[in-house]
Amino acid sequence: MTQSHDSLRDLARSTLEFYARFGVQPQVSETIQNFREEVNELIEAAEIGTDHDHIAEEAADVFVTAIGVCAAAGVDVERLIEQLY
């Protein structure tokens, strides 16, 4: 198994653990709204293009919120990882 697989699983599990820690069952409509906001923030950061750390931070937020959308939609983490690779 490669390091990228482990890192991706860690990110997905961490996201799901965040929801569990606060007793939150993510809802599709809410996670989609959050995802859209994060995508827009990434687009804005990329269009400005001067702060690479900020762009990377916004991209990371997109990854995490995409996992949240999948979780809310009932997609198993392993299925998500399989599709990426």
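This is a short presentation on the fold, the salt bridges and selected residues of one protein chain.

Good morning. Please keep in mind throughout that the model is predicted.

I begin with the overall architecture. The chain contains four helices and zero strands, and its elements follow the order α-α-α-α from the N terminus. Measured out along the principal axes, if I may put it as extents, the C-alpha trace spans about 35 × 35 × 25 Å. The chain has 85 residues, of which 24% count as buried. About 6,000 Å² of the chain is exposed, and 54% of that area comes from carbon and sulfur atoms. As for contacts, among those with a separation of 6 or more, 67% are between residues 24 or more positions apart.Let me turn to the salt bridges, which number two. In one of them, the side chains of R9 and E78 meet at 2.8 Å, N to O. R9 belongs to helix α1 and E78 to helix α4, residues 77-84, so that distant parts of the chain, 69 residues apart, are linked by this pair. The R9 and E78 side chains also make a polar contact, at 2.8 Å. In the other salt bridge, the side chain of R13 meets that of E78 at 3.9 Å, N to O. Here R13 lies in helix α1 and E78 in helix α4, so this pair ties together parts that are 65 residues apart in sequence. Through the shared partner, R9, R13 and E78 are joined into one network.

Which of these three residues are buried, and which are partly exposed? R9 counts as buried, because its relative accessibility of 15% is under the 20% limit. E78, at 27%, counts as partly exposed, and R13, at 42%, is also partly exposed. As general background, side chains of opposite charge can pair when their charged atoms come close.

Next, helix α3. Does the distance between its ends agree or disagree with its number of residues? The helix covers residues 52-72, which is 21 residues. At 1.5 Å a residue, helix α3 should span 30 Å, because the expected span is 1.5 Å times one less than the number of residues. The end C-alpha atoms are 30 Å apart, which agrees.

Both ends of α3 deserve a comment. At its start, a side-chain oxygen of D51 comes to within 3.2 Å of the backbone nitrogen of D53. Just after the helix, G74 adopts a positive phi of about 85 degrees. Between these ends, the buried residues of α3 are E58, A59, V62, T65, I67, G68, V69, A71 and A72.

Some of those buried residues bring us to T31, a residue of helix α2. T31 has a relative accessible area of 8%, and is therefore buried. What does T31 touch, once its neighbours within four places in sequence are left aside? Its contacts are Y19, P26, G68, V69 and A72. Of these, G68, V69 and A72 are among the buried residues of α3. The side chain of T31 also reaches the backbone oxygen of V28, at 3.0 Å.

Helix α2 also contains E41. At 33% relative accessibility, E41 counts as partly exposed. The C-alpha atoms of E41 and G74 are separated by 26 Å, and the two residues are 33 residues apart along the chain. G74 is the residue already mentioned, with the positive phi just after α3.

Finally, the surface. Which residues make the nonpolar surface patch of about 310 Å²? The patch is made by F18, F22 and V24. V24 is located in the loop between α1, residues 3-21, and α2, residues 28-48. With a relative accessible area of 41%, V24 is partly exposed, because that value falls between the limits of 20% and 50%.

To summarise, this is a chain of four helices and zero strands. Salt bridges join R9, R13 and E78 into one network. T31 of helix α2 is in contact with G68, V69 and A72, among others. F18, F22 and V24 make a nonpolar patch at the surface. Thank you for your attention.

Methods:
Residues numbered from 1 in each chain as written. Predicted model: local features only at pLDDT ≥ 70, side-chain atom pairs only at ≥ 80, totals over all residues. Heavy atoms only, no water. Helix = DSSP H or I, 4+ residues; strand = E, 2+ residues; numbered from the N terminus. Buried < 20%, exposed > 50% of the residue type's maximum accessible area, 1.4 Å probe, protein only. Polar contact = N/O pair within 3.5 Å; in protein donor to acceptor, adjacent residues only side chain to side chain. Patch = residues over 30% accessible without salt bridge, like charges linked within 9 Å, V, L, I, M, F, W, Y side chains within 5 Å. Areas by Shrake-Rupley, 256 points an atom, 1.4 Å probe, with all protein chains shown as cover. Salt bridge = Lys/Arg side-chain N within 4 Å of Asp/Glu carboxyl O. Contact = heavy atoms within 4.5 Å.
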